[in-house]
Amino acid sequence: MENLFEIAERCLFDGDIAAKLNHTRRAKQLCDAGALAFDDTGRVRAMADTVFPARPILAMPRDMPRRRLDSDAGKAAFFHALAHIEFVAIYLAWDMVYRFRGLPADFYRDWLAVAAEEAEHFAMIREHMRRYSVDYGDLPAHRGLWTHAEDTVGDVLARLAVVPRCMEARGLDVTPGMIAKLQALGDVPGVAVLARIYQDEIGHVERGSYWFKRLSAERGLNPEQHYQTLLLTHYQGKPKGPFNREVRIIAGFSDHEIDWLEERLHE
């Protein structure tokens with residue numbers, strides 16, 4: 001029987017894109033079939049050893065191509081940036097599985113399911129990009145996403161607070177506006193891709209909320225207070241708004257948490 005943590009190690013420490021997608025899909029299939037072992041292998045490699053593909057070139061935000069949607073070049077840049085977000089999200093989900101041991105089996109099942117959905121998102125966006133004669137790696141990409149994992153390497157609660165409950169939750173705020181812009185441009189396939197991602201991301205953030213609250217409570221911590229503490233400690237700058245309150249509540253946020261985020265915008 002194959003071992004989940006060994007597959008996670010292959011996904012994190014090999015930069016081959018096709019192999020990573022195949023390993024991720026196969027791990028989910030094995031898990032669904034009850035043919036995947038969750039025994040801790042005792043081996044956890046350093047995050048600094050994580051291997052990304054040689055391309056795309058990672059750039060600072062000021063050096064990124066413009067992503068206006070009123071030209072094919074702009075659409076290509078937009079979807080390439082989105083593909084990079086989803087590709088790094090595969091790593092983020094696998095690292096959640098790999099790095100934090102001794103947790104319930106359902107924790108690992110949930111984040112494996114997230115990794116599999118992120119892999120599907122990446123493949124969908126990559127296929128859509130080819131309409132504009134661009135493949136993943138042809139354009140530079142933002143270098144900042146992985147730093148949120150590096151900054152929370154030693155604390156599963158910090159990782160849950162910053163990645164699904166901050167960075168990924170931001171997608172719940174901005175994606176409806178992106179969908180509206182693509183609808184106005186008549187990009188029906190692009191709208192379908194974003195709509196699928198949006199629905200799945202609600203579930204990802206909800207799983208982040210669930211596990212953050214559960215593990216906080218098990219450690220005798222007040223989840224709402226500890227969320228605030230972790231964001232103030234690990235997130236540089238103020239959270240970005242406006243916040244999609246209705247959908248964030250579906251994804252496990254409380255009104256009090258959203259009120260606090262909104263207050264932070266005006267401090």
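Helices and strands are taken as DSSP runs, of at least four residues for a helix and at least two for a strand, numbered from the N terminus. The model described here is predicted. On that basis, Pro-56 falls in the loop between strand E2 (36-37) and strand E3 (58-59). The peptide bond joining Arg-55 to Pro-56 is cis, with omega at about 15 degrees.

A second cis peptide bond was found, between Gly-241 and Pro-242. Its omega is about -5 degrees. Pro-242 also sits in a loop, the one connecting helix H8 (223-234) with helix H9 (245-250). Most peptide bonds are trans, and most residues other than glycine have a negative phi. Ser-133 has a positive phi, near 60 degrees, and is not a glycine. This serine lies in the loop between helix H4 (105-129) and strand E4 (141-142). Its relative accessibility is 69%, so Ser-133 counts as exposed, the cut-off being over 50%.

The overall fold was examined next. The protein chain contains 10 helices and four strands. Read from the N terminus, the order of elements is β-α-α-β-β-α-α-β-α-α-α-α-α-α. The last strand is thus followed by a run of helices up to the end of the list. The C-alpha atoms occupy a box of roughly 50 × 45 × 30 Å along the principal axes. For 267 residues, a compact globule would have a radius of gyration near 18 Å. The protein chain has 18 Å, so the value agrees with that of a compact globule.

Burial and contacts add to this picture. Of the 267 residues in the protein chain, 51% are buried. Among contacts with a separation of 6 or more, 81% are between residues 24 or more positions apart. The accessible surface comes to about 12,300 Å². Carbon and sulfur atoms contribute 52% of that surface. The protein chain carries 34 positive and 40 negative side chains. The centres of these two sets lie 4 Å apart.

Two buried residues were followed in detail. The first is Asp-173, placed in helix H6 (residues 156-184). Its relative accessible area is 14%, and because buried means under 20%, Asp-173 is counted as buried. The acidic side chain has two listed polar partners. A polar atom of the Asp-173 side chain lies 2.7 Å from the backbone nitrogen of Asn-244. The side chains of Asp-173 and Arg-248 are joined by a polar contact of 2.8 Å. Beyond its neighbours within four places in sequence, Asp-173 touches Lys-240, Pro-242, Phe-243, Asn-244 and Arg-248. Pro-242, one of these contacts, is the proline of the cis bond with Gly-241. Helix H6, which holds Asp-173, is therefore linked through this residue to the loop between H8 and H9, where Pro-242 lies.

The second residue is Trp-146. Its place is the loop between E4 and helix H5 (147-150). With a relative accessible area of 8%, Trp-146 is buried. Its contacts, leaving aside neighbours within four places in sequence, are Met-47, Thr-50, Phe-52, Val-88, Tyr-91, Leu-92 and Asp-95. Ala-81 is 65 residues from Trp-146 along the chain. The C-alpha atoms of Trp-146 and Ala-81 are separated by 14 Å.

Methods:
Residues numbered from 1 in each chain as written. Predicted model: local features only at pLDDT ≥ 70, side-chain atom pairs only at ≥ 80, totals over all residues. Heavy atoms only, no water. Rg over C-alpha atoms; globule rule 2.2 N^0.38 Å. Buried < 20%, exposed > 50% of the residue type's maximum accessible area, 1.4 Å probe, protein only. Contact = heavy atoms within 4.5 Å. Areas by Shrake-Rupley, 256 points an atom, 1.4 Å probe, with all protein chains shown as cover. Lys, Arg positive; Asp, Glu negative; His and termini not counted. Charge placed at Lys NZ, Arg CZ, Asp CG, Glu CD. Polar contact = N/O pair within 3.5 Å; in protein donor to acceptor, adjacent residues only side chain to side chain.
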